[in-house]
Amino acid sequence: MSSGDRRLSTSRRRSRARPWPASRARRTLAGLACAGLAAAGLAACGTANASNGPVTLTFYLYPDNSGATQQAIANCDKQSGGKYTISYQQLPNAADGQRTQLVRRLAANDSTIDIMGLDVTWEAEFAEAGWIEPWTGANRTEAENGTLKAALETAMWKGKLYAVPANTNTQLLWYRSDLVPNPPKTWAEMIQDAENLAKQGKPHYIEIQGAQYEGGTVWFNTMNASAGGTVLNPDATKVTLGEPALKALTIMKQLADSPAADPSLPVQMENENRLAMEAGTAAFQLNYPFVYPAMKADNPKLFKNFKWALYPSVIPGQPAKVTIGGIDLAVSSFSTHKDLAFQAALCLRDRQNQIIGANVGGVPPTIESLYNDPALAKNYPFHEDILKSLQNASVRPKTPVYQVVSIDISHLISPARSINPQTTLNSMKSQIDQGLQSKGLVP
Amino acid sequence: MSTSTEVTAGAAAEQRPAGHKRQLSEGARAERRLGWLLCAPAVIVMIAVTAYPVGYAVWLSLERYNLELPQNIKFVGLANYGAVLSSPYWWNALKVTLIITVFSVSISLVLGMLLAMLMHKTIFGRGSVRTAALIPYGIVTVAAAYGWQYAWTPSQGYLSAAFNNSAPLTRQVSAIAVIILAEIWKTTPFMGLLLLAGLSLVPDDLQKAAMVDGASGWQRFWRITVPLMKPAILVALLFRTLDSFRIFDNIYILTGGNNGTGSVSILGWDNLFIALNLGIGSAISILIFICVAIIAFIFIKGFGTAAPGSAIGKR
């Protein structure tokens with residue numbers, strides 16, 4: 001599952017696993033079977049079996065319908081030489097549901113969780129609450145070795161590493177080369193191009209995630225970071241929004257007021273963007289790579305002119321800093337087999353299993369050198385741009401109260417046409433500040 | 001609990017003729033003790049499952065308590081209530097909740113009354129009519145809500161298609177209308193059933209006598225049926241209003257509370273389980289509890305003369 005594209009907090013609409021290329025969804029109900037068992041007797045689904053025989057490690061992760069996770073688990077069970085077997089517990093489809101279930105269990109000190117797949121925005125929260133173990137010594141060295149910097153950054157909190165990046169994701173600019181021969185380099189150019197197309201009566205919409213949900217926060221974060229700004233200071237004690245945020249909000253408002261904006265911008269999420277582009281009404285789309293195989297399958301005619309480029313800049317000449325997504329693996333503080341859990345987590349995201357993840361599961365890897373691996377390059381023509389985008393990636397604000405910060409942001413920037421840059425910025429500052437002190441309400 | 005009062009009352013009554021001092025006989029005392037012992041398990045269970053959580057929620061609502069920030073827990077008095085009551089989110093949620101409550105309860109009362117009269121009058125196939133009418137109430141709310149959601153989703157649902165492929169769930173006013181519609185559809189049978197019970201309280205003789213006196217159907221309905229049914233109407237309205245005020249499932253599925261359609265329960269859920277802010281979330285819960293108590297109080301006071309039993313007694 002990607003992740004930047006998953007609806008985390010503000011919208012409780014169902015979200016689907018939206019893998020990178022390849023992969024067709026197949027539903028498995030294995031998780032349900034165990035949920036049933038859990039209802040009958042809690043011990044059934046997690047704990048180790050006595051002294052002899054392999055220890056059972058319980059792994060909570062989003063439902064992976066591609067089978068990649070199951071393959072990785074089988075590999076690791078074999079490699080462990082009988083030390084452990086991993087039992088895969090599927091979390092709900094929607095990111096909100098995943099987090100709610102994990103939090104509920106962890107708040108009750110549930111010792112039947114060993115390894116968890118965390119969204120890249122939950123690490124600070126889980127670490128601060130004392131629910132996940134920091135990585136130290138050889139485990140940390142191995143986790144950091146060759147891993148993309150921005151992906152590692154998502155797993156850090158207050159100088160400690162709390163998880164190991166298992167997969168990642170980023171957005172590119174997708175465009176119609178029959179309408180736009182040269183892809184725009186900046187937002188200003190892109191809006192200009194779209195307006196010119198509109199004047200000529202050609203398809204011209206710019207497709208982006210404008211609904212009131214996590215995707216909206218991602219949009220703002222990318223724009224703010226690309227303008228050189230941050231949302232919070234590193235300790236997450238102060239709001240640091242300023243001039244760059246003003247610039248970001250101004251461009252977002254400019255898009256919303258221009259004919260370049262899709263009329264349904266205020267309700268659009270990744271999938272609506274994809275559909276609009278496939279229907280032929282759009283010229284540009286800012287989205288995750290899952291749109292590429294989808295276009296190939298759904299509209300082969302448009303696919304011939306379906307090209308990609310790096311996300312447009314906010315400041316001319318400076319690359320955009322696109323918000324990174326993905327999943328990190330963490331070890332529960334209540335696990336009774338922490339050492340084995342660290343080993344298993346490392347195994348689940350090792351080179352071999354990340355190649356499986358990319359080719360079978362369609363999720364971009366976090367080990368940098370894999371992007372030059374011929375086995376991978378063949379399947380993903382855009383791998384170089386993905387890597388470039390990931391190398392310049394920005395991380396969403398890291399704070400234990402991320403959910404509140406994200407809800408505040410997404411509610412203030414959507415619908416984008418109601419943005420008033422200065423007023424919106426002031427409200428954002430004061431609401432986030434209240435949130436950091438656990439004072440305000442979330443809508 | 002009621003057992004204990006009955007026992008003591010009984011004991012006291014026995015004592016009264018004997019003398020002015022409230023001295024209980026040995027037997028009465030033993031009986032009283034037995035009474036307490038017998039109801040003790042119920043009292044303990046009640047305290048464990050209701051009094052304790054309510055008390056704990058009150059305590060939490062006085063604290064600054066974020067589940068993710070265990071080191072920042074502190075007592076803040078009424079600050080959380082201040083934050084909630086000064087927040088536009090609370091007032092918007094309360095407004096939405098009241099609108100949904102007023103519309104869904106009043107419309108389902110009218111429809112429920114029609115349904116009840118239909119079921120009352122039906123001679124042919126009465127059983128099947130009642131069963132058919134109860135189907136919406138029998139369907140799990142969440143399942144029905146998904147049905148409504150799909151029906152109103154553009155390019156998926158037949159209702160959306162029937163209305164020019166519109167997306168009413170994406171705008172506040174139309175989304176609230178859809179929520180009210182779903183509520184009415186689900187609760188009208190319940191209303192109808194409760195009112196049907198009330199209808200059977202109205203003696204046929206009275207209706208016939210009025211008919212002989214030349215009263216029209218309309219007059220008979222307002223002068224005979226409604227006054228006699230008051231207790232049943234009170235119960236139906238009270239149940240439905242309290243239910244409706246706590247609306248959660250329909251909104252959760254239909255809009256998730258987006259675009260200003262969240263009820264107070266949705267607001268409480270968001271703050272408790274998404275933001276993990278136990279202090280603010282508990283304050284919202286307590287405020288909902290107070291609102292519900294006020295509604296119940298108004299109903300009992302407002303319908304005082306029609307409280308079950310009294311209206312019939314006067315006749």
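In the predicted model, A:Trp135 lies in the loop that connects helix 4 (123–128) with helix 5 (137–144) of chain A. The residue is buried, since 24 other C-beta atoms are found within 10 Å, against a cut-off of 20 or more for burial. Residues up to four places away in sequence aside, A:Trp135 touches A:Arg140, A:Ala143, A:Leu161, A:Tyr162 and A:Val164. Of these contacts, the one with A:Val164 links positions 29 residues apart along the chain, with a C-alpha separation of 8.5 Å.

Strand 6 (164–169) of chain A is also one of the elements against which the buried residues of helix 16 of chain A pack. Helix 16 spans residues 383–391, and its buried residues are A:His383, A:Ile386, A:Ser389 and A:Leu390. Viewed down the helix axis, these buried residues fall within an arc of 125° and therefore line one face of helix 16 of chain A. Such an arrangement may be read against the geometry of the α-helix: with 3.6 residues a turn, residues three or four places apart point the same way. Besides strand 6, the packing partners of the buried residues of helix 16 are helix 6 (149–154), strand 7 (172–176) and helix 15 (374–377) of chain A.

A further helix packing in chain A involves helix 2 (residues 68–79) and helix 14 (residues 351–361), whose axes come within 9 Å and cross at roughly 160°. The two helices are therefore roughly antiparallel to each other, as angles over 145 degrees are classed in this way. The crossing of helix 2 with helix 14 of chain A is right-handed. Helix 2 of chain A contributes A:Ala68, A:Thr69, A:Gln71, A:Ala72 and A:Asn75 to the contact, while helix 14 of chain A contributes A:Gln352, A:Asn353, A:Ile356, A:Gly357, A:Val360 and A:Gly361. By class, the residues in this contact comprise seven polar and four nonpolar, with no charged residues.

Between the chains, the contact draws on 24 residues from chain A and 25 residues from chain B. On the side of chain B that touches chain A, the elements giving two or more residues are helix 3 (79–85), helix 4 (88–121), helix 12 (264–274) and helix 13 (278–302) of chain B. Helix 12 of chain B gives the most to this side, with four residues. The residues on the side of chain B that touches chain A are divided into 13 nonpolar, nine polar and three charged.

Notes:
Residues numbered from 1 in each chain as written. Chains lettered and ligands numbered in written order. Predicted model: local features only at pLDDT ≥ 70, side-chain atom pairs only at ≥ 80, totals over all residues. Buried ≥ 20, exposed ≤ 12 C-beta atoms within 10 Å, placed from the backbone. Contact = placed C-beta atoms within 7 Å. Arc of directions from axis to C-beta. Nonpolar A, V, L, I, M, F, W, Y, C, P; charged D, E, K, R; others polar. Axes fitted to C-alpha atoms, helices over the stretch in contact; angles between N-to-C directions. Parallel < 35°, antiparallel > 145°, perpendicular 65-115°, else oblique. Left-handed = near helix turned anticlockwise from the far one by under 90°.
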